[in-house]
Amino acid sequence: MVEYRTPAEIEEMRPAGRFVAEVLTALRAKADVGVNLLELDALAHQMIRDRGATSCYVDYHPSFGASPFGKVLCTSVNDAVLHGLPHDYALADGDVLSLDFAVSVDGWVSDSATTVVVGTPRPEDLRLIAATEEALAAGIAAAKVGGKLGDISEAIGRVGRKAGYTINTQFGGHGVGREMHGPPHVSNDGRRNRGLPLKAGLVLAIEPWFLASTDEIYTDPDGWTLRSADGSRGAHSEHTVAITPKGPLVLTARD
Ligand code: MG
């Protein structure tokens, strides 16, 4: 069931969004050549403990998962694009790192992702990251009362296709509230004026992700990490957004 939050509930959701933004800002600053993915997870874990927040990932054990996730952060490097399980790997010059982080604070969840290049960037990687950021901005701009869910999907897909990427519609955004994942599914491509009417109080994780030269993925032997079928690199940008009468409110906005 799609749930709608009252204005008071959306106010209550702000601290979780601010905290997720703080953690991603700290992780972006720490990510550098030689830094281990496990150090990034440890930093996020310490910030969770200090804040008294609750990880949405550590005990996450969906039907497709071999075991609980066990970490508090997704770190997806290069050809990995989603659900990257942090492991013993030191970042190398030019690596593309996607960080995806969700926590619950005072009973409300926020979920956000960002992609950085470590060290010396390749122009094609910066272009890929910029396309996901532009698609996220376009999706957020379409998250308006009176619109339809397909407006968000179409806006994301349009940016991705124009930049020359093909769009995977299997994994996309979702409702966010007391739990990390709820309806509706927010596809990263679609048709304008189709689907669920957008009403005030709907809170969505909007999360475009693109791969450089494919839209096909496979699951790494670790049981979690999703990698591109052709080895090309991926990028991912995500915010938790509340639809309000005054327009989209980005709960996870970073300074
Ligand atoms: Mg996320």
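## Close-up views of a predicted model

**View 1. The largest pocket holds about 380 Å³ of space.** A pocket is found on a 1 Å grid over the protein atoms alone, as an open set of points where a 1.4 Å probe fits, with protein on both sides within 12 Å along at least five of seven lines. Its volume is the space filled by probe spheres set on the points, which are joined across faces, edges and corners. The pocket is lined by 22 residues, and the closest to its centre are Tyr60, His83, His174, His181 and Glu207. A lining residue has an atom within 4 Å of a point. Strands β6 and β7 (182–186) each give at least two residues to this lining. Strands (E, at least two residues) and helices (H or I, at least four) are DSSP runs, numbered from the N terminus.

This is a predicted model, in which local features need pLDDT of at least 70, side-chain atom pairs count only at pLDDT 80 or more, and totals for chains, interfaces and linings use all residues. Residues are numbered from 1 along each chain as its sequence is written, and side-chain values use heavy atoms, with hydrogens and water left out.

**View 2. Three acidic residues hold the magnesium ion.** Its protein donors are Asp100 (OD), Asp111 (OD) and Glu238 (OE), at 2.0 to 2.1 Å. Donors are N, O and S atoms within 2.8 Å of the metal (3.2 Å for Na, K and Ca); water is not among the atoms, so sites may look incomplete. The spacing of the donor residues in sequence is D-x10-D-x126-E. Aspartate 100 sits in strand β4 (residues 96–105) and aspartate 111 in strand β5 (residues 108–117), 11 residues apart. Both aspartate 100 and aspartate 111 are buried. Buried means under 20% relative accessible area, exposed over 50%, and partly exposed in between (1.4 Å probe, protein chains only).

**View 3. Strand β8 (residues 203–206) is covered on both faces.** Val203 and Ala205 are buried on one side, Leu204 and Ile206 on the other. Strand β6 (residues 173–175) pairs with β8 in the antiparallel sense over two bridges. Two strands pair if DSSP finds at least two bridges between them. Leucine 204 in β8 is the bridge partner of glycine 175. Strand β13 (residues 239–244) is joined to β8 by four bridges, again antiparallel. Here valine 203 has alanine 242 as its bridge partner.

**View 4. Three strands form an open sheet in the order β3-β11-β10.** The pairing is antiparallel. β3 (80–82) and β10 (217–219) are the edge strands, each with a single partner, so one side of each lacks a neighbour in the sheet. Twist averages 45° from one strand to the next, taken between N-to-C directions of lines fitted to C-alpha atoms, on a scale from 0 to 180 degrees. Three bridges link β10 to strand β11 (residues 226–228). Isoleucine 217 faces serine 228 in β11.

**View 5. Helix α3 (residues 123–141) has 19 residues.** Its end C-alpha atoms are 27 Å apart, which agrees with the 27 Å expected at 1.5 Å a residue. The expected span is 1.5 Å times one less than the number of residues. Buried residues of α3 include Leu128, Ala131, Ala135 and Ile140.

**View 6. Aspartate 106 lies in the loop between β4 and β5.** Aspartate 106 is exposed, at 63% relative accessibility. Its C-alpha is 33 Å from that of threonine 219, and 113 residues separate the two in sequence.
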